[in-house]
Amino acid sequence: MEEYNFQEVEKKWQLYWEKEETFKAKVNPGQKKFYGLDMFPYPSGAGLHVGHPLGYIASDIFARYKRIKGYNVLHPMGFDSFGLPAEQYAVLTGQHPAITTEINRNRYKEQLKNIGFSFDWSKEIRTSEPSYYKWTQWIFIQLFNAWYDKNAQKARPIETLIAIFEKTGNQTINAACDEDTPSFSQEGWKKMGEKEKQAILLKYRLTYLADTMVNWCPMLGTVLANEEVKDGVSERGGYPVIRKKMRQWSMRITAYAERLLQGLEKINWPEPVKEMQRHWIGKSTGAELIFKVSGKTTIELKVFTTRVDTTFGVTYISIAPEHELIPELTKPEYKEAVEKYVTEAKNRSERDRMSDVKSVSGQFTGYYAINPFNNEEVPIWIADYVLAGYGTGVVMAVPSSDTRDYAFATHYNLPIITVQEGAQTDITQPDFNPKKGIMCNSEFLNGLTVPEAIEKAIEFIEDKGLGKRKINYKIRDSIFSRQRYWGEPIPVYYKDDIPYVLDEKDLPLVLPEIDEYKPTEAGDPPLARAKNWKTKEGYPLELNTMPGWAGSSWYYLRYMDPENNQRLASKEAEAYWGQVDLYIGGSEHATGHLLYSRFWNKFLFDIGYVSCEEPFYKLINQGMIQGRSSFVYRIKSTNTFVSYNLKNEFETTPLHVDINLVHTDILNTEAFKKWRPDLANAEFILEEGKYICGSEVEKMSKSLWNVVNPDDVIEKYGADTLRMYEMFLGPLEQFKPWNTNGIDGVFKFVRKFWNLFFNEQNNWVISTTEATKEELKILHKTLKKVEEDIERHSFNTSVSTFMICVNELAALKCNKKTILEPLVIALSPYAPHIAEELWQRLGHESSITYAQYPEWKEAYIAESEFEYPVSINGKMRMKAKLPLSFNPVEVEQAVLAKEEIHKWLQGQKPKKVIVVPGKIVNIVL
Ligand code: ANZ
């Protein structure tokens, strides 16, 4: 029998889809829409491995399913094509990153096409194309020209802010702005010169230049994000990193903190991702409380606390090493120690400082603060667990209630006063004494729960003027400047040192050509190498570029209308496609990309360019496919390798071996010797004539030699098998090892399905005879299960349902059109190539893509009979198969009429017969 020629069939349909533009999506207001999106890849030099397409396969199945369910589907793909690896390669080789990127993108595209995805390639975008980043730059300009009105809870044009300044200054305004914004009146504003005015406006703009503490790595010549720094050195390369103030562009994401938090309630995302975002936004409700300083009437220390109710337990105050009051707050005899401490502490990254509970460190200043609740003096310390950028940078330390304060107090022998949660009883006075500033809470906070005590304590301090209620967010504004080449130029020029944005008509500001892709000797970013990097008028242009997340923060919008050069997407297309209905991608983007794009989307919503406040309605994080690495064991200081089960007799070092040299754990020793020159004369200690390798499940990575290339799998088994197999591996969200053992089963399934349509001579044998009840039941229960599973994104169970179905139909030798044709449609999202081929052979002229999902009918599935368990005096004794249509009386009669029952009744007459229809029969004797 001739076998199903998947290679030929798959190529045929891939070409057909391309030629016919089968998946091209057009706005069609009369039809319901579905927007299914994948996180687009960065085209790296290594190409795709089988782990990458896992999510793409799932979303493709869903997109194809939605089409046969009658939806107009937008399912695009593109490339996040700016980025560091191409730049680093360029630094090393001089090869322009655009060239490397283009080569990699072509390879990715080809690999993706081989898998048979239903992407609308006419909508492909690349973030590094000027026609794309023109709009990334345009968004930057809009952010620059906007401020955030906290009363209206939205972004507004900067002109409206200027108008307010001109009328009333900034004293009545409720806006998101820099901490150090000075207050000025209407006259004050009018008196300012252009430079001064611009400096003030920068403090309000949604993207702004400011001196920010950054992690600066002199050797790499760039700023690093917190997560790129470990123990004071760069994660890549291990170069020293210092904390340094630099003038950087930032995005005022903090203005949107509350909306980013609230918006999470309106979207269908995995709870852990929402929780990570909540945590990242870090809303905390508490109070600012004022501590006076003993002997320093000029200074008041404001603390932020979430637990005002514990103020009685305060035994010291700690302030951040960066706090600007430190010089003033240091007694001369402590000056030297304080300065030394401050220098050391500043160089530790925030993350280290927060997480390192064990190695607490601090320095006493010589001054004391006064506890406003009881007038006790407590020492003022500098401690690096206090962060400058959070709250007020000053903490009232309560060692009895807070673990970090406790560790610190124990370390430095500071007192610990035990306070009872929410109820402190050891104070004698009944109430606040305004003269002495003493209060007690025996009647005041006693017996309350913690939240009640906090609430009451806040009311109390507000009442007495000791402080006020305060909400803080942990989220920081995002630094937006990168000292790199391969990113979007920031559309800014400088006049008199003041930044101005380019005119929109001058966009895109195209990345200039430069001779080398690294910083200049003077330490300026690579763009400083560009000749004539100036505006037409001769003003110098910005040298920093945008970070990797800029282009990916809005790409889902561009797919809607990628060729538009008037707008980032036409109103019509945006209104129609709206929100992404299903977004599939890795969980590593939980707080980066997924937060930034929500922020930009909300901003674009505020200025009227998008119609949905949240960009992604449903999110699924696919799990990772791990690799199965193979190991050989080299006997120490020899070139002899010992087989797995004998290795304990020697002292060995394990060595990753290319999995292509290993088959079912047996090493191809000849190929191994040719693998690397140093192995040419390797010797082996075998077991039963074979060299057995060890194995381990690890991340799939080139460096671990465990990468499986989808091209190879497709070559051997076909894309349909790859698609179904990836789904079959387990639930989409789970992490799971790639294990080719099961792939044969899926491969057989595909051929078995094909064989339902052909006889042994490979002749088409589809019959038009009417289907039997049994066949209909198999079909309809399959359709039902598959539909229910796919709706809840359970793809692995759908695949096994198809397998069961095909086995059952094969056993019946079913070749009826009325059964097989609907099945082909239902299978088409999973195995689109074979489905197209059979569909065509079934006599259809157009693609199966737009067939209609077959409706399943309960009537065919419903069981007509039920096997009742019959219990007698509580013991199950026999079974009775009866029609489900019987009423209880009929069931009772039928059971009692059974031959077998007499054995159990032994002539006795039942006292009672209880029938639960469709469930059980109980006989009481
Ligand atoms: C007294 C107290 C008692 C506190 C207690 C906590 C527990 P969240 O919830 O994260 O907002 N804090 C305030 N500013 C800080 C800073 N810049 N760096 C480090 N810690 C700071 O935490 C707020 C609490 O963290 C505040 O409430 C303060 O300690 C501390 F049983 O005040 B608390």
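User: Which residues are closest to the ligand, and how many surround it?

Analyst: This is a predicted model, and in it 18 residues surround the ligand, the closest being S284, T305, Y390, S401 and K474. To be counted, a residue needs a heavy atom within 4 Å of the ligand.

User: What makes the pairing of T305 with the ligand a polar contact?

Analyst: The cut-off is a pair of N or O atoms within 3.5 Å. An N or O atom in the side chain of T305 is 2.7 Å from an oxygen atom of the ligand, so the pair meets that cut-off. Y390 also makes a side-chain contact, with an N or O atom 2.5 Å from a ligand oxygen. T306 uses a backbone N or O atom instead, 3.0 Å from an oxygen atom of the ligand.

User: How much of the ligand does the protein cover?

Analyst: On its own the ligand has 640 Å² of accessible area, and the protein covers 87% of that. The elements giving two or more residues to the shell are β11 (296-305) and β15 (394-397). By residue type, the shell divides into eight nonpolar, six polar and four charged.

User: Why is K531 called exposed?

Analyst: Exposed means over 50% relative accessible area. K531 has 75%, so the label fits. K531 lies in the loop between β19 (498-501) and α15 (549-552). E513 is 18 residues away from K531 in sequence, yet their C-alpha atoms are 8.3 Å apart in space.

User: How do you know that the length of α18 agrees with what a helix should span?

Analyst: The expected span is 1.5 Å times one less than the number of residues. Helix α18 (residues 593-606) has 14 residues and should therefore span 20 Å; its end C-alpha atoms are 20 Å apart, so the two agree.

User: And why say that α18 is mostly covered?

Analyst: Buried means under 20% relative accessible area, and 13 of the 14 residues of α18 are buried. After the helix comes G608, with a positive phi near 85°.

User: What makes β6 and β17 edge strands?

Analyst: The open sheet runs β6-β5-β9-β17, with antiparallel pairing. β6 (222-224) and β17 (478-479) each have a single partner strand, so one side of each is left without a neighbour in the sheet.

User: How do you know that β5 and β9 count as paired?

Analyst: Pairing takes at least two bridges. Ten bridges join β5 (residues 207-217) to β9 (residues 242-251), and the two run antiparallel, so they count as paired. In β9, I242 stands opposite W216.

Definitions and conventions. Residues are numbered from 1 along each chain as its sequence is written. This is a predicted model: local features need pLDDT of at least 70, side-chain atom pairs count only at pLDDT 80 or more; totals for chains, interfaces and linings use all residues. Side-chain values use heavy atoms; hydrogens and water are left out. Helices (H or I, at least four residues) and strands (E, at least two) are DSSP runs, numbered from the N terminus. A polar contact is a pair of N or O atoms within 3.5 Å; within protein, one must be able to donate a hydrogen and the other to accept it, and residues adjacent in sequence count only if both atoms are side-chain atoms. Accessible areas come from the Shrake-Rupley method with a 1.4 Å probe; for residues, only the protein chains shown count as cover. Ala, Val, Leu, Ile, Met, Phe, Trp, Tyr, Cys and Pro count as nonpolar, Asp, Glu, Lys and Arg as charged, and the others, Gly among them, as polar. Buried means under 20% relative accessible area, exposed over 50%, partly exposed in between (1.4 Å probe, protein chains only).
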